[in-house]
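Student: I would like to go through the terms used for a structure one at a time, and to ask each time what justifies the word. Could we look at the structure together?

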Amino acid sequence: MTMLVYLIPVALFLGGIGLIAFQWALRSGQYDDPDGAAERILIDDTPEDPI
């Protein structure tokens, strides 16, 4: 039972770190264009031969 005295603050601390990381990801634009990378991989960047 005494382990809960240590585990609850550790769990709250780790949850706070996760929340701060999530807020940082939202504010830095990590989720602004979720489909862009998936579509860019399909675009061929090499120019076609004009023959």
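Student: Why is L26 called partly exposed?

Tutor: In this predicted model, L26 has a relative accessible area of 41%, and partly exposed covers the values between under 20%, which is buried, and over 50%, which is exposed; L26 therefore counts as partly exposed. L26 lies in helix α1, and the C-alpha atoms of L26 and I43, which are 17 residues apart in sequence, are 27 Å apart in space.

Student: What makes Y6 exposed?

Tutor: Y6, which also lies in helix α1, has a relative accessible area of 56%, and exposed means over 50%, so Y6 is called exposed.

Student: How do you know which word fits L4 and G15, exposed or partly exposed?

Tutor: L4 has a relative accessible area of 43% and G15 has one of 44%, and since exposed requires over 50% and buried requires under 20%, L4 is partly exposed and G15 is partly exposed too. Both L4 and G15 are found in helix α1. As for distances, the C-alpha atoms of L4 and W24, 20 residues apart along the chain, are separated by 30 Å, while those of G15 and L42, 27 residues apart along the chain, are separated by 37 Å.

Student: How do you know that the span of helix α1 agrees with what is expected?

Tutor: Helix α1 runs over residues 3-27, which makes 25 residues, and the expected span is 1.5 Å times one less than that number of residues, so helix α1 should span 36 Å. The C-alpha atoms at its ends are 36 Å apart, and therefore the two values agree. Just after α1, G29 takes a positive phi of about 85°.

Student: Which residues form the nonpolar patch on the surface?

Tutor: The nonpolar patch is formed by M1, M3, L4, V5, Y6, L7, I8 and L12, which together have about 940 Å² of accessible area.

Student: What makes the other patch negative, and which residues form that negative surface patch?

Tutor: The negative surface patch is formed by D32, D33, D35 and E39, and it is called negative because Asp and Glu count as negative.

Student: Why does D32 count as exposed?

Tutor: D32, in the loop between α1 and α2 (36-40), has a relative accessibility of 65%, and because exposed means over 50%, D32 counts as exposed.

Notes:
Residues are numbered from 1 along each chain as its sequence is written. This is a predicted model: local features need pLDDT of at least 70, side-chain atom pairs count only at pLDDT 80 or more; totals for chains, interfaces and linings use all residues. Side-chain values use heavy atoms; hydrogens and water are left out. Helices (H or I, at least four residues) and strands (E, at least two) are DSSP runs, numbered from the N terminus. Patches are made of residues with over 30% relative accessible area and no salt bridge: like charges are joined within 9 Å, nonpolar side chains (Val, Leu, Ile, Met, Phe, Trp, Tyr) within 5 Å. Accessible areas come from the Shrake-Rupley method with a 1.4 Å probe; for residues, only the protein chains shown count as cover. A salt bridge is a side-chain nitrogen of Lys or Arg within 4 Å of a carboxyl oxygen of Asp or Glu. The place of a charge is taken as NZ of Lys, CZ of Arg, CG of Asp or CD of Glu. Buried means under 20% relative accessible area, exposed over 50%, partly exposed in between (1.4 Å probe, protein chains only).
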